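User: Hi! I'm new to reading protein structures. Could you walk me through this one with a few questions and answers?

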Amino acid sequence: MPITRTDYIWMDGELVRWEEAKVHVLTHALHYGSGVFEGIRAYETAQGAGVFRLTDHINRLFNSAKILMMNIPYRRDELVDAVKRVVAANGLAECYIRPIAYLGYGEMGLNPLPCPVSVAIAAWPWGVYLGDEGVQMGVRLKVSSWVRHDPNAMPPAAKGTALYLNSSLAKVEALKAGYDEAVLLSPQGYVSECTGENIFVVRGERLVTPPVVAGALEGITQACVITIAKDLGVEVDHANLLRSDLYTADEAFLTGTAAEVVPIRSVDDREVGDGTPGPLTRKIQEIFKAATHGQVERYRGWVEHVV
Ligand code: PPE
């Protein structure tokens, strides 16, 4: 998806013009993937732009950094404010926000500890990640031949830039084979997640999503969906799933900040249910959308206003 240029990017404490937001080619993160990032969305609400679960995203960024022993040289509240500043400075009502903390220029080699840590935050308008048709009709998935990270090879709880090489390999394989998205299995063979989304299945009255130990990121959209489902009186479980559980599910969908809530139409050419988005998927999609726009009273706390 092409990037739409905006005016300012926050870099190490100040707003710099978009064109000037550059790094040196010997930046450590470019060579070794030593960065951690977040994907956040802001939505238009009756009170102006609202950043969805901003504090939770910044907290996850700090956890990712902690796992990699990277000391972010800012406090959490400073980065929360910086995100709001970027959205406001660019006059954006709705956008995608990408904070990244990365090891900068100054050291080379595998010991990252002496490297300076830089932080940048960009924001730009970003449409539907898996396509309009995907949101309406559902996406076609393929189980990848690439396996999700073994937690002792790469820590899946860290949203580290290097980890996404695995996602990219799986994404390209799925796209080249004519599918929309890949499902990755854990080294033990359980369903983990998609390349940038968590996965849910509906079985009867129950909603099931794979646990963190299957290598899935603890998704913030996933947490929202769990709350929404429980509030609807639906039972929700974190449980291991086999690929065949995807084939025989009544309904299935993906969740992520970029993707939002997207129905799954088929997995490995087996239609999920009757191949159209199911009623619970539709209901959750609808409530989630209203919540992001600050239109659901009980979920108002999820929206953090820019001004
Ligand atoms: N799993 C992975 C691997 C992942 O990258 C994301 C977010 C999720 C699950 C869902 O997490 P959450 O956004 O908190 O609900 N992926 C981000 C980056 C996607 C990208 O293509 O880059 C995102 O959605 O912003």
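Analyst: Happy to! Please keep in mind that this is a predicted model. A good place to begin is a salt bridge: Arg 148 pairs with Glu 193, and their closest N and O atoms are 2.9 Å apart.

User: How many residues apart in sequence are the parts that this pair ties together?

Analyst: Arg 148 sits in the loop between strand S8 (139-147) and helix H5 (164-176). Glu 193 belongs to strand S10 (residues 191-194). The pair therefore ties together parts whose separation in sequence is 45 residues.

User: Is Glu 193 buried or exposed?

Analyst: The relative accessible area of Glu 193 is 6%. Buried means under 20%. Glu 193 is therefore buried.

User: And Asp 237, which meets Arg 206 in a salt bridge: is Asp 237 buried or partly exposed?

Analyst: In that salt bridge, the N to O distance is 2.2 Å. Asp 237 has a relative accessibility of 23%, and the buried class needs a value under 20%. So Asp 237 counts as partly exposed.

User: Now the ligand: how much of its accessible area does the protein cover?

Analyst: Let's look at the contacts beforehand. An oxygen atom of the ligand lies 2.5 Å from an N or O atom in the side chain of Tyr 96, and a polar backbone atom of Ile 220 is 2.7 Å from a ligand oxygen. Of the 550 Å² that the ligand has on its own, the protein covers 94%.

User: Which domains does the ligand lie between?

Analyst: Residues of the shell around the ligand come from both domains. The ligand therefore lies between domain 1 (8-124) and domain 2 (131-292).

Technical notes: Residues numbered from 1 in each chain as written. Predicted model: local features only at pLDDT ≥ 70, side-chain atom pairs only at ≥ 80, totals over all residues. Heavy atoms only, no water. Polar contact = N/O pair within 3.5 Å; in protein donor to acceptor, adjacent residues only side chain to side chain. Areas by Shrake-Rupley, 256 points an atom, 1.4 Å probe, with all protein chains shown as cover. Domains from an automatic or database assignment. Salt bridge = Lys/Arg side-chain N within 4 Å of Asp/Glu carboxyl O. Helix = DSSP H or I, 4+ residues; strand = E, 2+ residues; numbered from the N terminus. Buried < 20%, exposed > 50% of the residue type's maximum accessible area, 1.4 Å probe, protein only.
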